[in-house]
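Okay, thanks for coming, everyone. I'll put the sequence and the structure up, and then we'll walk through them together.

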Amino acid sequence: MKVLLAMSGGVDSSAAALVLREQGHDVVGVTMRLWGGESDTGCCSVSDVDDARRVAQQVGIDHLVFNFSEEFNEHVVEPYVASHVQGTTPNPCIECNRHLKFDKLIERGRALGFEAVATGHHARVVDVDGVLRLARGADAAKDQSYVVHMLSAEDLAYTLFPVGHMQKSEVRELATSGGLRTAAKPDSQDVCFIGSTIGRAGFLEPRLTFNAATVVDGTGEQVGEVPAVELVTLGQRRGLGLGGGDKRYVVAVDVPARRVVVGDESELFISHTTVRTLSWPYGTDIQFVLDQEILVQGSAHGERHAGRVSIDGDTLVIAWSRPTRRISPGQTVVFYDATDTVVLGGGIVSE
Amino acid sequence: MAESTATLREYVYLDHAATSPLRAEARSAMEPYGDVLYANPSGSHRFAREARRVIDEARDVVAASIGCKPGEVIFTSGGTEGANTAVLGATRRTGGIAVCGSTEHHAVLHCVEHVGGTVVPVTAAGSIDPDVMRAHLADMNNVAVVSVMAVNNETGAISDLEHISHAVRRQAADAIFHTDAVQAACWIDLHQLWPFVDVLTLSAHKFGGPKGMGIMVIREGKHVEPLILGGGQERDRRSGTHNVAGIVGTSVALDVTQSQRAKEVVRLGALRDQLLAGLTSRISCATATLAHGAGTAGTAHVCLENLESESLLYLLDEANVCVSAASACASGAMEPSHVLEAMGISRGRIKGSLRFSLGHTTTESDIAVAIEATVAAAARLGATVS
């Protein structure tokens, strides 16, 4: 099969190249250049492209670089900044997977005559009663089904995850035995377009206007202040100018009013969560989800919490089985079946 | 020899503006200097003197191909070194301003930007209007260097160096006038350019010489600071041990280019016209970037509006047709072309730009194959074709 493999220059996609070759596929590796600016972390640096190209040469496949920096800026960076302006907490990795790693890559793959695209994500495609579904990767600690949950059955039919059935240790062993220079490369961390030296605040500063805000307690009395309300996150404890005293957490952020409310940790626990912008990859079988207790994951590698969902127009309400810590608006929740294996859908928390 | 010719024939190579295959004459002339005549020409023994003679002869050949004096020829490591030396060397000498056009190669443009110089806009045809250059220079004092490329590397647009030179002489009499003639060597008689400039730079591999070699010609009495200091080779203007084989290959390739140029321009110009006519008549979204008959004989630059160069290049590569789009960045990704942007071409057209560049190995069948492959690739990506 003719396969277009996305190669970030990391160990997973490097090993994926070996697996696909082993399986006898005709593979072309492609590094997607996403972030045009400076960064010292994550993908897209010249040295990562060098790694991807060298691995492709070692494995014996062609390697190309596609420039998607305009699309990345439009679909990932600009919404990331806009989200902070609104005081919500974005997940740029998910938007990148949605719009770039899959939409653009699949579109390119189809246009250029490939029979499948592949990535090094730790996730699996499984057949459930004749329908292709996304499932967690075999290595629970490295599972990435959360960040690729939006893939439809049609996308999944065109997508391969060559290392999804492997443990990370097996991936590294394979890369080592193949003599690949990426074998011991650390996993990527954090947001790829934000350098570790400038950080989130340093990245956002030239791109939006920070507004100072008052920090108040539940009675409305001012107890502190922050220089940038846009950088405050629900559940945050530090950097609020509170001085000593009891532990207090951010329980509400009101950007237009320039106001942050702090309170007791117990105030962060709620019984219901509203979700919008649903990714419901499997179309009509939503009923299947409504009739059972499911598991909900609210961050990459985060804990799962049980709940039941109901649909109200184009929003969905999760009724938690027991009070659950609030998830920041803007964050993505992904629904899994009761065995915590198969992805049912997902969406973005609205409140 | 036979093997590499076979390889060349399997592929349609229309990327001569990126690099042109080493000419057979250059290859055989270079051969003895690898392991037999290995001496350093700066030495004093007989082997060194022999190497020195070879370089002196090569310098005479180069001077004759350009119409300059042998003492005005400096051998460099390539076009980029020449451009850097001209721009940075001139500004370091006087502390003055550097000026260039907006479609210059990055080897010039990045130097001018590096020293905080002035970038002059080009016309929609992709070249500098001498009156615009005059107006810019009239507003400036202490101009150290003006750099205008003879031929644009992406579009093949030709500069009117004669009239730009008049503007420079009138408004900035003390400035060094440099031309990056890297893309001109195969298409324009260098004797017709040299009289108008103070510094002319070339890259050997663009005219069938070896990579890693260049020529910088600097007019007697004009000076720029050297960028590379050391043993004082090239009359203290460019230190570093001479690359004897490279210098020999360069001189032979330039000599062959010079003697074949007139008939190659006619032959390849006709093929270029065929290529442009084929592409623009059969692909509905394809337009030629320059007006008919403009530009050098070697470049066919087209924009396939709303298609993606990256996809076109992939499909052409798959069909064994080697062409290029804009310049690549450090990662190898295609960057939107600053040249086409400076010409005011729309984003949609820039995105689908392709450069076919012809050279000494190009045949009529190459052109026919390239047309068919490009039509097929465009159709595949959704364009209307006939």
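So, start with Leu304(B). Setting aside residues up to four places away in sequence, Leu304(B) touches Ile283(B), Cys285(B), Ala286(B), Leu312(B), Gly352(B), Leu354(B), Ala378(B) and Ala383(B). Before I go further, keep in mind that this is a predicted model.

Now, Leu304(B) belongs to something bigger. The largest nonpolar core has 201 residues, and those touching the most other members are Leu5(A), Ala17(A), Val87(B) and Leu304(B). Which element gives the largest share of this core? That's helix 9 of chain B, residues 244–282, with 13 residues. There's also a second, separate core of 11 residues, and Ala213(A), Val229(A), Val251(A) and Val260(A) are among its members. As background, nonpolar side chains in soluble globular proteins tend to be buried together.

Let's stay with helix 9 of chain B for a moment, as Arg272(B) lies in it. Is Arg272(B) buried or exposed? Buried: there are 24 other C-beta atoms within 10 Å, and the cut-off for buried is 20 or more. If you leave out its neighbours within four places in sequence, Arg272(B) is in contact with Ala297(B), Gly298(B), Ala300(B) and Leu358(B). And if you want a distance, the C-alpha atoms of Arg272(B) and Val321(B) are separated by 15 Å, with the two positions 49 residues apart along the chain.

Next, the domains of chain B. Domain 1 comes in two pieces, 2–21 and 261–380, and domain 2 is 24–256. Their C-alpha centres lie 27 Å apart. To the contact, domain 1 of chain B gives 26 residues and domain 2 of chain B gives 25 residues. On the domain 1 side, the elements giving two or more residues are helix 9, strand 10 (299–304) and helix 11 (338–342) of chain B. By class, that side of domain 1 of chain B has 11 nonpolar, 13 polar and two charged residues.

Okay, helix 4 of chain B, residues 46–66. At 1.5 Å a residue, its 21 residues should span 30 Å, and the end C-alpha atoms are 31 Å apart, so that agrees. Its buried residues are Ala51(B), Val54(B), Ile55(B), Ala58(B), Arg59(B), Val62(B), Ser65(B) and Ile66(B). Why do we say they're on the same side of helix 4 of chain B? Because they cover an arc of only 140° around the axis. As a reminder, an α-helix has 3.6 residues a turn, so residues three or four places apart point the same way. The buried residues of helix 4 of chain B pack against strand 2 (73–76), strand 8 (214–218) and helix 9 of chain B. On the other side of helix 4 of chain B you'll find Arg46(B), Arg53(B) and Asp56(B), and these are exposed. After helix 4 of chain B comes Gly67(B), with a positive phi near 90°.

Over to chain A and its helix 2, residues 46–59. We can do the length check again: 14 residues at 1.5 Å a residue should span 20 Å, and the end C-alpha atoms are 20 Å apart, so that agrees too. The buried residues of helix 2 of chain A are Asp48(A), Val49(A), Asp51(A), Ala52(A), Val55(A), Ala56(A) and Val59(A). Their arc around the axis is only 155°, which puts them on the same side of helix 2 of chain A. What do they pack against? Helix 1 (11–22), strand 2 (26–33) and strand 3 (62–67) of chain A. The face turned away from that buried side carries the exposed residues Ser47(A) and Gln57(A). Just after helix 2 of chain A, Gly60(A) takes a positive phi of about 90°.

Two more positive phi values in chain A, and neither residue is a glycine. His301(A) has a phi of about 60° and sits in the loop between strand 13 (294–297) and strand 14 (304–312) of chain A. His301(A) is exposed, with 12 other C-beta atoms within 10 Å. Asp340(A) has a phi near 60°, and you'll find Asp340(A) in the loop between strand 16 (332–336) and strand 17 (343–349) of chain A. Asp340(A) counts as partly exposed, with 15 C-beta neighbours inside 10 Å.

Last thing, the contact between the chains: 11 residues come from chain B and 10 residues from chain A. The chain B side divides into six nonpolar, three polar and two charged residues.

Key. Residues are numbered from 1 along each chain as its sequence is written. Chains are lettered from A and ligands numbered from 1 in the order in which they are written. This is a predicted model: local features need pLDDT of at least 70, side-chain atom pairs count only at pLDDT 80 or more; totals for chains, interfaces and linings use all residues. Helices (H or I, at least four residues) and strands (E, at least two) are DSSP runs, numbered from the N terminus. The expected span of a helix is 1.5 Å times one less than its number of residues. The arc is that of the directions from the helix axis to the C-beta atoms. Two residues are in contact if their C-beta atoms, placed from the backbone, lie within 7 Å. Ala, Val, Leu, Ile, Met, Phe, Trp, Tyr, Cys and Pro count as nonpolar, Asp, Glu, Lys and Arg as charged, and the others, Gly among them, as polar. A nonpolar core is a set of buried Ala, Val, Leu, Ile, Met, Phe, Trp, Tyr and Cys residues joined through C-beta atoms within 7 Å. Domain bounds come from an automatic or database domain assignment.
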